[in-house]
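Q: Hi! Could you walk me through this structure, one topic at a time?
A: Happy to, so let's have it on screen.
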Amino acid sequence: MPCKQRKGGLQRAGPFFCMGETMKLILIRHGETLWNKEKRLQGTSDIELSAVGIEQAGKLALSLKDVSIGAIHASPLKRAHQTAEIINRYHGKKIETHHELMEMNMGDFEGMPFKELMIREKELIDRWIAEPQWVRMPNGENLTDLQNRV
């Protein structure tokens, strides 16, 4: 739909923004999970928020309660969806769930403590840290895969 001219500027004529309009995008990472605390690779494993993560999301929700939020989008992973639900208590929006927003698939390394991974796969992890866009996790993704998906 085209933008309509109105007194004082352009008026939105649909779900998209007209030239000259700005949109504020708030990116939020989920609260803590037990695997975060244990320093395990989560990737696409569906881990819930810990008690600390629920508290973190609650504090964030309070800080955003007076912010005008037009839409909430989240990954289907429990930790992301729980965080979105807690924030949404003050906004009453329909949470739009998108598979594409899931974290990078860490493949065979999901659930593994990072320290153990650094010992077992040091060369691969050193390469991944240097060039994450090219190094694919076994049976998982690389950063380019993630970027293309998102």
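A: A word on terms to begin with: contact means heavy atoms within 4.5 Å. This is a predicted model, where local features need pLDDT of at least 70, side-chain atom pairs count only at pLDDT 80 or more, and totals for chains, interfaces and linings use all residues. Residues are numbered from 1 along each chain as its sequence is written, and side-chain values use heavy atoms, with hydrogens and water left out.

Q: Cool. What is Val-135 in contact with, leaving aside neighbours within four places in sequence?
A: With those neighbours set aside, Val-135 is in contact with Leu-124, Arg-127, Trp-128, Glu-141 and Asn-142.

Q: And Glu-141, is it buried or exposed?
A: Glu-141 counts as buried because its relative accessibility is 13%. Buried is under 20% relative accessible area, exposed is over 50%, and partly exposed is in between (1.4 Å probe, protein chains only). Glu-141 sits in the loop between helix 5 and helix 6; helices (H or I, at least four residues) and strands (E, at least two) are DSSP runs, numbered from the N terminus.

Q: Which side chain does the side chain of Glu-141 make a polar contact with?
A: That of Arg-149, at 2.7 Å. A polar contact is a pair of N or O atoms within 3.5 Å; within protein, one must be able to donate a hydrogen and the other to accept it, and residues adjacent in sequence count only if both atoms are side-chain atoms. A polar atom of the Glu-141 side chain also lies 2.8 Å from the backbone nitrogen of Asn-105.

Q: Back to Val-135: which residues make up the largest nonpolar core?
A: Twelve residues, including Val-135, Leu-124, Trp-128 and Leu-146. Helix 5 (residues 122–130) gives the largest share of this core, three residues. A nonpolar core is a set of buried Ala, Val, Leu, Ile, Met, Phe, Trp, Tyr and Cys residues joined through side-chain atoms within 4.5 Å.

Q: New topic: where does Asp-66 lie?
A: In the loop between helix 2 (51–64) and strand 3. Asp-66 counts as exposed, because its relative accessibility is 70%.

Q: How many residues apart in sequence are Asp-66 and His-91?
A: They are 25 residues apart in sequence and 8.9 Å apart in space, C-alpha to C-alpha.
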